[in-house]
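Colleague: Please take a close look at one topic, the salt bridges, and explain where each partner sits. A short account of the surroundings would also be welcome.

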Amino acid sequence: MPQPDLTLTPAGPALAPRYDDFARTTDTARPYVPATRTSSPRPHDPARTTDGPARTADAPVRTTDDPARKAGGPGRPAVGARNPYRLLFARPGTRAFAAWGLIARLPAGMFGVSAVIMIAAVYDSYALAGAVTATGLAVGSVTAPLIARLVDRHGQARIAVPAAAYATLGHLVLALCVHERAPVWALFATVALTATSPNTGGMSRARWAHLLRDDPGALHTANSFEQAADELCFMLGPVLAAVLCSALFPQAGTLAAAALFLGGTLLFAAQRSTEPPVAPRTPAGSPLRAPGMVPLLAVFLATGAVFGSMEVVTLAYVDGPVAGPVLALQAAGSCAAGLLYGRARRTARLRTCLAAMTVLMALPLLAASAGSLLALAAGLLVAGMATAPTMVTGMGLVQRLTPADRLNEGMTLAVTALLAGIATGSASGGWAADHAPFPSFGFLIPLAAATTALALCAARDAAAGTTKARRSW
């Protein structure tokens, strides 16, 4: 059961109003008075029955026109509204920060592709382009948790805005260096400046976790929406970057992504009404010290290898202009599954999701072995449907394991582990594509990575015994 928020008053500590009090204040039938808790039991009321409180002449009668009930606050079932996403965005301020956060995240799928295209076009070397982007990813894996720690300590708006400005400046300088054909060392030095990008997805999830801290069902729906938004960004971002770079000029994708990133982050940070307050510091230490966090990050690492290897081996297998659309089907399947998973009333265990992913990752291997491009496209679409439920469940575990005052740092550590896995999977997939004894050999890599993730999760469960933590996984 979540602990109530406390605030200091002249009379001493008292319960602070919760965010979901907005639903109660909209009840125009009677004014809302914050309830207080006492240690004494409730006296017996003979008018009260098992069917609920009795109505008296003084008590107003609620009708289906009550806007608070239609809004669907925590503990208030909505009348006539079955879509959980509609209830989710009925809360004040949620549409604004979700929309601007989506725009700020879209460039995440654009920067890498844009950098590869513009560097390869000017320097005529895909090896150089890949090395530069890999350097930026490596530096970001070190700085991202530090940026997230500052966000937890000082607030989202105070840290995210200057961090995004520095990162945007780095992308612009990199585009200028490429345009002027600067020495190669300048590209590596400049790309390091882009590593201050704040984790907008983590900050958005932190807002949901704060607003919905008393409503686990709505938080599950919010996490599913965030995962679907991530998949949408990585599905549309590369396509948009490729079109801009090819239709206009090589630096067009980077410039457009920089504008979207900085503008979206500024407008996201401006939504101060939904920004979680800075929590008091606790002696909990790094989220890495939380029980179960390190094994969970190992699972994220193996899961990232699934994504990275699948992307490379699919591009190598198709090897043509249709490779991008075929690969995008995996993200489309994940996006659709994420939205459907958010409508579910209960969540699956992480081990169940990983088992489903392992089974479905065999479909692209079977389709590629049959030599049918249509079968491969269908296999990727179905295999992608296991991605979002796995990530939603995993991120939910991260939120539960991480101390409240370090939530952004904990989720950024998960993203960092995921990105490290993607880099490892990309390298493994590239090696398999170059040394494949048969065309479909590379698709064994994502299947092996999914099996490894499942084995790590099962090993953690076995080590935990029959504890409550084991049941949560």
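Modeller: The answer starts with the chain as a whole, goes through the salt bridges one by one, and ends with the surrounding core.

This is a predicted model, in which local features need pLDDT of at least 70 and side-chain atom pairs count only at pLDDT 80 or more, whereas totals for chains, interfaces and linings use all residues. Residues are numbered from 1 along each chain as its sequence is written, and side-chain values use heavy atoms, with hydrogens and water left out.

The secondary structure of the chain consists of 20 helices and two strands. Both kinds of element are DSSP runs numbered from the N terminus (helices: H or I, at least four residues; strands: E, at least two). Of the 473 residues in the chain, 45% are buried. The accessibility classes are set by relative accessible area: buried means under 20%, exposed over 50%, and partly exposed in between (1.4 Å probe, protein chains only). A contact (heavy atoms within 4.5 Å) may join residues that lie far along the chain from each other. Among contacts between residues at least 6 apart in sequence, 78% join residues at least 24 apart.

We now turn to the topic of the request. A salt bridge places a side-chain nitrogen of Lys or Arg within 4 Å of a carboxyl oxygen of Asp or Glu. How many salt bridges does a search of the whole structure find? The search finds three.

One of the three pairs D215 with R91, and their closest N and O atoms are 3.7 Å apart. Because D215 lies in the loop between α9 (200-211) and α10 (216-247), while R91 lies in the loop between α3 (84-88) and α4 (94-105), this pair ties together parts that are 124 residues apart in sequence. Are the two partners buried or exposed? D215 has a relative accessible area of 18%, so D215 counts as buried. R91 is also buried, at 3% relative accessibility.

A further salt bridge joins the side chains of E226 and R105, with 2.6 Å from N to O. Here the partners belong to helices: E226 is part of helix α10 and R105 is part of helix α4, so the pair links parts that are 121 residues apart in sequence. E226 has a relative accessibility of 0% and is therefore buried. R105, with a relative accessible area of 7%, is buried as well.

The remaining pair is E275 and R272, whose side chains meet in a salt bridge at 2.8 Å, N to O. E275 has a relative accessible area of 12% and is buried, whereas R272 reaches 54% and is exposed.

What surrounds these charged side chains? A useful guide is W208, which touches E226, a partner in one of the salt bridges. The other residues that W208 touches are L88, F89, T94, F97, L219 and A222, when residues up to four places away in sequence are not counted.

W208 also has a place in the largest nonpolar core. Such a core is a set of buried Ala, Val, Leu, Ile, Met, Phe, Trp, Tyr and Cys residues joined through side-chain atoms within 4.5 Å. The largest one holds 64 residues, and W208, L212, F300 and M361 touch the most other members. Helix α12 (residues 293-318) supplies the largest share of this core, 12 residues. Apart from this core lies another one of 14 residues, which include I119, L128, C177 and V191.

F300 leads to one more residue, V398. V398 sits in helix α17 (residues 387-401) and is buried, at 0% relative accessibility. Which residues are in contact with V398, leaving aside its neighbours within four places in sequence? They are M293, L296, F300, G410, M411 and A414. In addition, the C-alpha atoms of V398 and P287 are separated by 9.3 Å, although these two residues are 111 residues apart along the chain.

In summary, the D215 and R91 pair involves two loops, the E226 and R105 pair involves helices α10 and α4, and the contact of W208 with E226 connects this account to a residue of the largest nonpolar core.
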